Amino acid sequence: RELLEKVYSSQAVEQALSILVRGRSEETERFRCRQAELRRKADFDELTGIYNRSTFYKKVVELFKLYPKDNFVIIRLNVERFKLINDLFGEETGDRLLRYIAEKLADAQFEYSTYGRMHSDNFVICFPLRGSNQMEFIGTIQQDMEQALPSYKVAMTFGIYYVNNKNISVSTMCDRAGLALQQIKGNYMKSYNVYDERMRRAILQEQDIVNEMNSALSGGQFRVYLQPKYDIVTEQIVGAEALARWIHPEKGLISPAVFIPAFERNGFIMELDIYIWEIVCRLLRKWIDAGYDPQPISVNVSRLDLYRTDLCDVLNNMVKKYNLDPGLLQLELTESAYTENPQQIIEVTKQLQKMGFPILMDDFGSGYSSLNMLKDISVDVLKIDLHFLDSQDESGRGGNILNSVVRMAECLKIPVIAEGVETKQQADFMRDIGCYCVQGYYYSKPIGVEEYEALMNSI
């Protein structure tokens with residue numbers, strides 16, 4: 001300061017120092033603002049302004065420490081068919097809806113609670129359990145959603161987890177609430193679901209399956225079983241459906257009802273499908289080389305397979321590798337896959353049919369878009385399940401529906417296969433209405449390759 005005052009007046013020096021201090025203060029304030037903004041972005045969801053997932057986890061832990069004697073509940077909630085809302089009304093409206101839900105969580109009347117946005121349209125809230133306040137909360141949110149969008153009813157789904165062990169991670173608690181929610185998505189008769197030990201056992205079972213699936217595939221534990229298809233008049237085999245069976249060296253036969261859904265969830269079903277296709281192609285080649293004229297074998301094409309950009313190449317290269325007529329390898333697609341991504345199925349089936357692969361539509365009539373599917377896709381065969389012929393159906397309506405489906409298919413010149421034929425009465429009924437190809441336990445359960453070959457030899 002003394003040096004400056006020798007050159008400049010004291011007034012000029014005071015002004016310069018004042019500017020310097022003010023500049024430093026402004027810079028400090030800007031730094032503080034930047035720090036606050038970074039903390040806000042780290043702790044809060046940018047779109048809705050409520051806690052993000054990681055901060056929610058921390059806040060729940062804090063609640064547990066503050067109120068160690070209280071019982072808590074965690075509820076996951078999301079919007080049914082949120083993607084459809086974005087498609088119909090635009091993403092801006094979808095964003096407004098998400099902010100609206102966040103506001104309703106903030107308005108919830110609890111002594112104390114914490115809430116956040118997990119991702120997309122998935123939210124979570126934790127609060128102390130008092131009587132039936134969890135059901136009151138769900139009812140309030142459902143009422144609020146009635147006013148959320150004009151001319152559209154917003155449906156919410158809720159997964160409930162009652163916290164009975166505060167020592168497990170909050171992320172695990174939320175996963176359990178999410179599992180309860182996931183099991184009722186698309187079920188319009190049920191809007192909430194409670195996590196229980198049955199789900200926990202299912203998780204552990206699925207984890208065991210995931211841990212062993214790769215070694216099981218490489219170790220040849222998956223076998224092909226064949227369920228014959230019969231001509232109902234001649235009672236001769238006209239083909240078969242290839243089914244995957246897991247023969248575990250210690251656990252024995254693991255039900256497909258257990259491992260197939262798990263593989264569809266984690267994507268491993270694509271690897272298993274290709275493995276089964278390859279075995280079937282190898283079998284067909286073996287039978288041809290042995291002098292047989294084998295009947296076609298159908299294989300399942302899962303919903304995930306249809307998303308493969310190389311699906312057509314994989315199948316085409318496979319039949320070329322074994323020098324097979326593609327007509328011997330029939331492809332079964334489920335109708336439910338069409339309801340999820342109709343355009344994808346339309347394009348893929350057209351390509352596969354051009355290559356010579358027959359397309360079978362499995363579970364026809366079980367979904368919500370049967371007639372649309374039939375209008376859009378030129379399938380080669382319809383497969384209908386005889387669940388319509390329920391023994392408790394005394395009205396005869398199930399039989400009338402089946403009769404109508406068979407007649408419609410006849411008009412469209414599409415062959416029909418009835419699967420799930422378990423009694424002589426069902427077989428006789430299908431013959432009477434003009435369906436002459438059947439598959440089911442009345443004729444044969446799924447059998448091993450050797451047993452199927454013995455049947456071929458007996459023809």
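1. Let's start with a term: a salt bridge is a side-chain nitrogen of Lys or Arg within 4 Å of a carboxyl oxygen of Asp or Glu. By that rule, the structure has 21 salt bridges.

2. A quick word on what you're looking at. This is a predicted model, where local features need pLDDT of at least 70 and side-chain atom pairs count only at pLDDT 80 or more, while totals for chains, interfaces and linings use all residues. Residues are numbered from 1 along each chain as its sequence is written, and side-chain values use heavy atoms, leaving out hydrogens and water.

3. Have a look at helix α3 (residues 53-66), where Glu62 and Lys59 sit three residues apart, so about one helical turn separates them. (Helices are DSSP runs of H or I with at least four residues, numbered from the N terminus.) Glu62 and Lys59 form a salt bridge, with 3.7 Å between the closest N and O atoms. Glu62 has a relative accessible area of 41% and is partly exposed; Lys59, at 26%, is partly exposed too. (Buried means under 20% relative accessible area, exposed over 50%, and partly exposed in between, with a 1.4 Å probe and protein chains only.)

4. On to helix α4. Which side chain does Asp87 meet in a salt bridge? That would be Lys83, at 3.2 Å from N to O. The two are four residues apart in α4, about one turn of the helix, and both Asp87 and Lys83 are exposed.

5. Stay with α4 (residues 82-89), because Leu84 is there as well. Leu84 is partly exposed, at 31% relative accessible area, and joins Leu88 and Phe89 in a nonpolar surface patch with about 250 Å² of accessible area together. (Patches take residues with over 30% relative accessible area and no salt bridge, joining like charges within 9 Å and nonpolar side chains, namely Val, Leu, Ile, Met, Phe, Trp and Tyr, within 5 Å; areas come from the Shrake-Rupley method with a 1.4 Å probe, and for residues only the protein chains shown count as cover.)

6. Finally, try helix α16 (residues 424-432), where Arg431 and Asp428 lie three residues apart, about one turn of the helix. Their salt bridge has its closest N and O atoms 2.8 Å apart. Arg431 counts as partly exposed at 31% relative accessibility, and Asp428 counts as partly exposed at 21%. Elsewhere, salt bridges with shared partners link Lys229, Glu241, Glu332, Lys383 and Glu419 into one network.
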